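Student: I would like a close look at one single part of this model, taken slowly and with the reasoning spelled out. Could you choose a helix and walk me through it?

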Amino acid sequence: MDFNVKKLASDAGVFFTRAVQYTEEKLGQAEKTELDAHLENLIARADCTKNWTEKIFRQTEVLLQPNPSARIEEFFYEKLDRKIPSRTTNAELLGQHMQDAAKEFGPGTPYGSTLITVGEFQRRLGGAEREFLQMSAINFLTPLRNFLEGDWKTISKERRLLENRRLDLDICKARLKKAKLAEAKSAAAPDFQETRPRNYVLSASASAAEHELRVAQTEFDRQAEVTRLLLEGISSTHVNHLRCLHEFVEAQAAYYAQCHKHMQDLQKELSSANGDTFPNSFAVNASTSGVSAGPSHLSSATLPEASPPSHPSNPSNALESSTLKIEEVKPPATGTRKAKVLYDYDAADTSELSLLADELITVYTVPGMDPDWLIGERGNQKGKVPVTYLELLS
C-alpha cells in the first residue's frame, strides 16, 4: 500500500492553515481578498440558475410522474444505468378494465358496447400520454439533469478550488505582513550582539514570503480566469434550456390537442350510438371547444350563500319552444313538488318564469323536457325554471 506520510502531513497542515484563515475572516480578525464585481455577478447568476433549474426539474418530474414510489424506482434504475421498464399508464389500465368488464356484461348490450368504445378511447389517451412522457423526458428533463449533474458539478469544483486559492493568497499576504513588521521592528531597535544574523534571517524570511505571495497571486489569477470562463458559459446554458423549453411546450400542446380530438371523436360516437336512448346526454356544440357544467342540486342545496350559477345551456331551447307551449302544459296528477328559490333569475324569454330568491314555487316535469329545466308555477304564472336555481323540498 502506497502511503505517503509526508504528503499527508503537508495536506493536513495546508487544511489547518486554511481553516484558521477562514475562521479569522469570519470573526473579522483577518483581511479577505474580494473578487472583482464582474466575477461576483457571474457567481450570483450561476447560483440563481442552479437553484431555479433544480426547482423546475423537480416539479416537472412531479408533473410527469405524480407517484413518488415510481419516481424513486426510476431514480434507482438511472443510477444503476439500467433501462427503465415500460409502465402502463392509468388511462390504458382504465381502458383495459372497461373492455374486460364489457366481456362479462355482454358486448352486445348497450352498456357493454359503450364500455368497449370508451375503453378503446381511454387506451388511445394512455398511448398519447406515454408518448408525451417520453418526449418530455428526452427533450426537457434530460438536458436539465445533464446541467445539474455535469456542468454544475464542474463549476462547483472550480469554485471550491478558487476559494482555496484565495485563502492561500490571503495566508501569504498575512505572512508577508508579519515578516515586514518584524523586519521594521528589528531595524528600529537593533540588538548589537546579534544584529547581522537576525537582520539576515528576517530579510530572508521577508523575501521568501514575497516569493510565496507572487506564486499564490499567479495561481489565484489563473484559477479566477478558469472559473470566469465556466461561469460565462451559463449564458449558453440558458440558450440551450430555452430551446428545450420550446420543445416541451410543443410536446405538451400536441398531447392536449390529441386528447381533445380523441374526446371529441368519443362524444360524437356516443352521441350517434346512444342518441335515441339518451337524447340529451352527449350534445356536442361544434362552435365551442370546451364543455361547461352548472352546479348540481346537491351543491346548490348545501351552499345557499354561494354565488348564483351560470345560466344553464339549453341547446334544444329553440326546438322545445316550437313543440312545447307553456300555456298548454298541465300539471301531472302526481309528481308535483315544492321548491325554494336560491337565487334571483331573470327570464330569457316568454317561455321562462322569473324568480326571486327565497320564494316558494311548485315545480314538475313533462315528457321530452331538458333535464336541466322544470316547469314552475307561482299563482297564475307558469314557465320554465332552471334546476340549479332551486332547492327541492318535497
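**A close look at helix 4**

Tutor: Just past the end of helix 4, G106 adopts a positive phi of about 110°, and from that residue we can look back along the helix itself, bearing in mind that this is a predicted model. Helix 4 runs over residues 90-105, which makes 16 residues, and from its first C-alpha to its last it reaches 22 Å, close to the 22 Å expected at 1.5 Å a residue. Within helix 4, the buried residues include A91, E92, G95, M98, Q99 and A102, where buried stands for a relative accessible area under 20%. When one looks down the axis of helix 4, its buried residues fall within an arc of 120°, and therefore they line one face of the helix. The general background is that an α-helix has 3.6 residues a turn, so residues three or four places apart point the same way. On the other side of helix 4 lie N90 and E104, both of which are exposed.

Helix 2 can be set beside this description: it covers residues 37-64, has 28 residues, and reaches 40 Å between its first and last C-alpha, close to the 40 Å expected at 1.5 Å a residue. The buried residues of helix 2 are L39, L42, I43, A46, T49, T53, F57, T60 and L64. At the start of helix 2, a side-chain oxygen of D36 comes to within 3.2 Å of the backbone nitrogen of H38.

Definitions and conventions:
Residues are numbered from 1 along each chain as its sequence is written. This is a predicted model: local features need pLDDT of at least 70, side-chain atom pairs count only at pLDDT 80 or more; totals for chains, interfaces and linings use all residues. Side-chain values use heavy atoms; hydrogens and water are left out. Helices (H or I, at least four residues) and strands (E, at least two) are DSSP runs, numbered from the N terminus. The expected span of a helix is 1.5 Å times one less than its number of residues. Buried means under 20% relative accessible area, exposed over 50%, partly exposed in between (1.4 Å probe, protein chains only). The arc is that of the directions from the helix axis to the C-beta atoms. A polar contact is a pair of N or O atoms within 3.5 Å; within protein, one must be able to donate a hydrogen and the other to accept it, and residues adjacent in sequence count only if both atoms are side-chain atoms.
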